[in-house]
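Trainee: I would like to go through this structure one piece at a time. Could you take my questions in turn?

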Amino acid sequence: MTSRPEHAPAPAACGACAKTDCSAGKRRPQESDAEFKDRQQLESRLCRIQHKIVVLSGKGGVGKSTVAVNLAIALMMAGHRVGLLDVDIHGPSIPTMLGIESYAIGGDQSEIVPADVDGLKVISIGLFMPSQDDALIWRGPLKMGAIKQFLKDVAWGDLDVLVIDSPPGTGDEPLSVCQLIGRLDGAVIVTTPQRVAAVDVRKSITFCRQMHVPVLGVVENMSGFACPACGEITQIFRSGAGKQIASDMGVPFLGSIPLDAQIAEACDSGHAFVRRYASSPTAAIMRTIIQPLVALSAPLPETRTAPGQPPPVVEGSAIGVATQREAG
């Protein structure tokens, strides 16, 4: 047997990086062989993804998925390797927005090959449904299991950014993402100008702080109407609520996206607006909004949760109940 030279680095614990202090190398107390192997497989996937960003909203109907799709495409157009993970289990709209409802997902028992949209890697529960009319009637544990499989078993490969489109609110899906990933580089929170929507931004920001997820900024969507003839923006709803709440809560305001008829047309036809109408003023606004995301390069603060370590448990959640049961 040949001994390893003293100067040679120790092998990586998960086999996906050169880190010798990777948390995947240490078995947790009372962790079985199967659980240990399962966690190593999850971390070997996550280790190859440089940045993970979740897109949140306090309530539905604010255009969160539209923003997530266009942020992902804009990042890809800026030269980054990007993945888009749709964890909206009950209302997956990403396949429709990208025109891939009939995409045949490949893979085998060992891994799932994501959909490829001109270089953008995409996974959504909608790609596994026999019919777009089918409904998934799932409780928390089943949803967490699906999200874990999307992270652990999907062949994401090497990515610069994984954009995660989460359903509205602060329930099981975003909690699952936080618990499974451990280290999120940040959250983009989407709202509309109306007070009833903007007030819920506070809840999303509070959620992020409790989960130790940095808030990259707030996006105010549907902020005025962009005239298709002249491009002039007319305020339909009261504006500025997103910016004001971002200021009040001490988080960045990334920008305002106006209502644009071409956005609806692009989504309905299965094309990303920011690429299909790249020369439009609204697309230019979207490209400006992604600049802080493009600039992500600082090391992760040590206050964030370590890889594979669950974030603080919120009482009453399905994940919290399961975690408490395991601890007991």
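Trainee: Which residue of S6 is the bridge partner of Asp116?

Mentor: Keep in mind that this is a predicted model. Strand S5 (residues 115-117) pairs with S6 in the antiparallel sense, over three bridges. Within that pairing, Asp116 has as its bridge partner Lys121.

Trainee: Which residue in the hairpin of S5 and S6 takes a positive phi?

Mentor: Two residues lie between the strands of this hairpin. The one with a positive phi, near 55°, is Asp118.

Trainee: In which sense do S2 and S6 pair, parallel or antiparallel?

Mentor: Strand S2 covers residues 82-86, and four bridges link S2 and S6. One bridge joins Leu84 to Val122 in S6. The sense of the pairing is parallel.

Trainee: How many of the five residues of S6 are buried?

Mentor: S6 runs over residues 120-124 and is mostly covered. The number of its residues that are buried is four.

Trainee: How is H1 placed relative to H4, oblique or perpendicular?

Mentor: Two packed helices are described by the angle between their axes and the distance between the axes. For H1 (residues 33-46) and H4 (residues 140-152), the axes come within 8 Å and cross at roughly 60°. An angle of 65 to 115 degrees would count as roughly perpendicular. The crossing angle therefore makes the placement of H1 relative to H4 oblique.

Trainee: How many charged residues are in the contact of H1 with H4?

Mentor: H1 contributes Asp38, Gln41, Leu42, Arg45 and Leu46, and H4 contributes Lys148, Leu151 and Lys152. Three of the contact residues are nonpolar and one is polar. The number of charged ones is four.

Trainee: Is Pro167 buried or exposed?

Mentor: Pro167 is found in the loop between strand S7 (159-165) and helix H5 (172-181). Not counting residues up to four places away in sequence, Pro167 touches Lys64, Val87, Asp88 and Glu173. Its relative accessible area is 6%, and under 20% counts as buried. Pro167 is therefore buried.

Trainee: What distance separates the C-alpha atoms of Pro167 and Ser65?

Mentor: Along the chain, Pro167 and Ser65 are 102 residues apart. Their C-alpha atoms are separated by 8.5 Å.

Trainee: What arc do the buried residues of H7 cover around the axis?

Mentor: In H7 (residues 241-249), Ala241, Gly242, Ile245, Ala246 and Met249 are buried. They lie on the same side of H7 because the arc they cover is only 135°. On the other side of H7, Lys243 and Ser247 are exposed. The arc of the buried residues is 135°.

Trainee: What arc do the buried residues of H8 cover around the axis?

Mentor: The buried residues in H8 (residues 261-268) are Ile263, Ala266 and Cys267. They sit on the same side of H8, because their arc is only 95°. Among the elements covering them are helix H2 (64-77) and strand S11 (253-259). The arc in H8 is 95°.

Trainee: Is Gln30 buried or exposed?

Mentor: Gln30 is in the segment before H1. Its phi is near 65°, a positive value in a residue other than glycine. The relative accessible area of Gln30 is 81%, and over 50% counts as exposed. Gln30 is therefore exposed.

Technical notes: Residues are numbered from 1 along each chain as its sequence is written. This is a predicted model: local features need pLDDT of at least 70, side-chain atom pairs count only at pLDDT 80 or more; totals for chains, interfaces and linings use all residues. Side-chain values use heavy atoms; hydrogens and water are left out. Axes are lines fitted to C-alpha atoms, for helices over the stretch in contact, and angles run from 0 to 180 degrees between N-to-C directions. Angles under 35 degrees count as roughly parallel, over 145 as roughly antiparallel, 65 to 115 as roughly perpendicular and the rest as oblique. Contact means heavy atoms within 4.5 Å. Ala, Val, Leu, Ile, Met, Phe, Trp, Tyr, Cys and Pro count as nonpolar, Asp, Glu, Lys and Arg as charged, and the others, Gly among them, as polar. Buried means under 20% relative accessible area, exposed over 50%, partly exposed in between (1.4 Å probe, protein chains only). Two strands pair if DSSP finds at least two bridges between them. The arc is that of the directions from the helix axis to the C-beta atoms.
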